[in-house]
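Biologist: Could you walk me through the charges and the backbone of this protein? Short answers, please.

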Amino acid sequence: IAGIKINQLYKSFIVDGKKHDVLHDVNTFLPQNSINVILGKSGCGKTTFLRILANLEQCDQGEVLINSGEKISFVFQEPRLMPWLSVSKNITFGLEKQKINFEEIEELMNLIGLKKFEKAYPHQLSGGMQQRVALARALEYDPSIILMDEPSMGLSPIFVNEIFDIIQEVSASGTTVLLVEQNAKKALSIADRAYVLETGNIALEGDAKVLMNDDSIKKAYLGE
């Protein structure tokens with residue numbers, strides 16, 4: 001499987017004794033070495049879908065097929081950094097000491113734009129810089145697939161552009177990217193494929209540039 005195959009995925013939650021269907025009969029394929037974006041209104045199941053792919057949440061029914069040996073990293077909406085650790089130590093958090101390659105970390109920090117901040121602490125960084133650290137930490141794991149939940153949330157326009165530039169560089173290195181993103185116009189402009197999730201099911205999918213010109217997408221997500 002050159003990518004991620006999703007078959008008949010179902011997920012529900014029990015809230016106040018009532019069953020709420022979040023995902024139902026989701027079937028799709030995410031190609032390898034590509035940027036994929038999931039669009040959808042708030043509460044339609046986007047984050048739950050990502051968490052299932054990352055094995056942070058279990059589905060009720062269905063299957064996610066990924067080649068054995070694939071390594072998956074997850075970038076959360078919030079940076080979730082350790083406030084008592086410096087930038088460099090946040091990036092290497094969780095890695096075995098003998099597996100830390102300081103030359104690779106330096107290259108990674110250059111790529112992400114953190115070269116002069118390795119000794120800084122999270123409280124000394126802007127939201128955009130904290131998000132870069134979270135992305136660098138995910139990349140230091142050397143993933144073949146990276147899942148990102150609203151990477152541009154709460155960032156200034158300048159940082160939004162920079163984060164999307166970094167995502168393109170990450171993809172160019174051979175990493176498969178799947179992101180959930182409210183900034184539909186920006187996400188579609190860099191994505192290879194797009195998926196529209198509505199009431200727990202994929203209502204539309206295809207080439208991102210084609211969907212960008214779809215009238216229903218323009219109206220619902222691009223404000224046109």
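Modeller: Here are some questions and answers on salt bridges, a charged patch and backbone angles. This is a predicted model, where local features need pLDDT of at least 70, side-chain atom pairs count only at pLDDT 80 or more, and totals for chains, interfaces and linings use all residues. Residues are numbered from 1 along each chain as its sequence is written, and side-chain values use heavy atoms, with hydrogens and water left out.

Biologist: How many salt bridges does a search of the whole structure find?

Modeller: Side chains of opposite charge can pair when their charged atoms come close. A salt bridge here is a side-chain nitrogen of Lys or Arg within 4 Å of a carboxyl oxygen of Asp or Glu. Searching the whole structure gives a count of six.

Biologist: How many residues apart in sequence are the parts that E57 and K11 tie together?

Modeller: E57 and K11 form a salt bridge, at 4.0 Å from N to O. K11 sits in strand β1 (residues 3-15) and E57 in the loop between α1 (46-53) and β4 (61-66), so the pair links parts that lie apart in sequence by 46 residues. Helices (H or I, at least four residues) and strands (E, at least two) are DSSP runs, numbered from the N terminus.

Biologist: Is K11 buried or exposed?

Modeller: Buried means under 20% relative accessible area, exposed over 50%, and partly exposed in between (1.4 Å probe, protein chains only). K11 has a relative accessible area of 9%. That makes K11 buried.

Biologist: Which residues are joined into one network by salt bridges that share partners?

Modeller: E57 also pairs with R51, at 3.3 Å from N to O. R51 is partly exposed, at 25%. Through shared partners, the network joins K11, R51, E57 and D60.

Biologist: What is the N to O distance in the salt bridge of E78 and R80?

Modeller: E78 is partly exposed, at 41% relative accessible area. R80 is partly exposed too, at 47%. Their side chains meet at an N to O distance of 3.2 Å.

Biologist: In which helix does E103 lie?

Modeller: E103 is exposed, with a relative accessible area of 61%. Its helix spans residues 102-112 and is α3.

Biologist: What is phi of T199 near?

Modeller: Most residues other than glycine have a negative phi. D25, in strand β2 (residues 18-31), has a positive phi near 55°. T199 lies in the loop between β8 (193-198) and β9 (201-207), and is exposed at 68%. Its phi is also positive, near 45°.
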